Amino acid sequence: MHMTHTYKVTGMTCGKCLQTVKITLGEISGIEKADVTLEPPQAVINMKHHIPVVVMNKALAESGKYSLVESDDLHNEMGVANTDPTAETAVKTATFFKTYKPILLVFAYLLGVALLSGFTMESFNVMISMNVFMGGFFLVFSFFKLLDLKGFAYSYMSYDIIAKKWAAWGFIYPFIELTLGFAYLFHFNSTITNIVTVVVMGVSSVGVIQSLLAKKKFQCACLGTVFNLPMSNITLIEDLLMVAMAAIMLLI
């Protein structure tokens, strides 16, 4: 999925700096084009897939004292004036549903299928419903990640505590989700499956919490790079929901 991002550039003082930044960015795998200017000091970057700022800044640091800073000017990007709180709230609400529509639809479909599967002729089987929901969750989310495995790995390493230190984790993680999906649907050793889920999703949620507390703007990698979803409380709820459901299944 092609995308374009605009960043503020720090450290540039002359034309030579500009050329250094432009060439360095252009050599990063996944970047198709980088338009860099001094006035204002910014870079408009066209990417084949989302590339974390930490990856680009690492390359820039090797070329000089340059770095990219993501813009946090939400109102200007949305074209919303601060003088009308009601209009601003309405736009934010509309933007929320538009932004998170893919993940909300996925959850709605999974919940519907899970609830229907739990009904029997005489009663409702909670365990069957939970297994179907969690199995479907992991299969669907791993599917989107595997569509662009490299792009997901780059995005994931920008905030996950393990992927930051061990890049290979970003390439392994989707396959763990895929395995968990089949494990839930085929009822493979529920104790082991639920313990692995609690550990994996619990560790994943730590990086999300750190990013939210630091108020850093990252792309949520939950649905890979197919959808450009920003990191938010939705991501945290998603991770903690899986932890809670797995913990409940361990206790039942």
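This tour goes from the whole chain to one strand and its partners, and then to the salt bridges.

The model is predicted, so local features need pLDDT of at least 70 and side-chain atom pairs count only at pLDDT 80 or more, while totals for chains, interfaces and linings use all residues. Residues are numbered from 1 along each chain as its sequence is written, and side-chain values use heavy atoms, with hydrogens and water left out.

**Whole chain**

Start with a cartoon view of the chain. Its secondary structure comes to eleven helices and six strands; helices (H or I, at least four residues) and strands (E, at least two) are DSSP runs, numbered from the N terminus. Switch to a surface view: the accessible surface is about 13400 Å², and 66% of that belongs to carbon and sulfur atoms. Accessible areas come from the Shrake-Rupley method with a 1.4 Å probe, and for residues only the protein chains shown count as cover. Of the 252 residues, 42% count as buried. Buried means under 20% relative accessible area, exposed over 50%, and partly exposed in between (1.4 Å probe, protein chains only). Among contacts (heavy atoms within 4.5 Å) with a separation of 6 or more, 65% are between residues 24 or more positions apart.

**Strand β1**

Select residues 3-10, which form strand β1, and show the side chains. Met 3, His 5, Tyr 7 and Val 9 point to one face and are buried. Thr 4, Thr 6, Lys 8 and Thr 10 point to the other face and are not buried.

Next add residues 42-47, strand β3, which runs antiparallel to β1 and is joined to β1 by six bridges. Two strands pair if DSSP finds at least two bridges between them. Lys 8 has Gln 42 of β3 as its bridge partner. Then add residues 67-70, strand β4, which pairs with β1 in the antiparallel sense over four bridges. Here Tyr 7 stands opposite Glu 70.

**Salt bridges**

A salt bridge is a side-chain nitrogen of Lys or Arg within 4 Å of a carboxyl oxygen of Asp or Glu. By this rule the count is two.

Select Lys 33 and Asp 35, whose side chains meet at 3.8 Å, N to O. Lys 33 is partly exposed, with a relative accessible area of 45%, and Asp 35 is partly exposed at 31%.

Finally, select Lys 145 and Glu 177, which meet at 3.1 Å, N to O. Lys 145 lies in helix α6 (residues 126-147) and Glu 177 in helix α9 (residues 168-185), so the pair ties together parts that are 32 residues apart in sequence. Lys 145 is buried, with a relative accessible area of 2%, and Glu 177 is buried, also with 2%.
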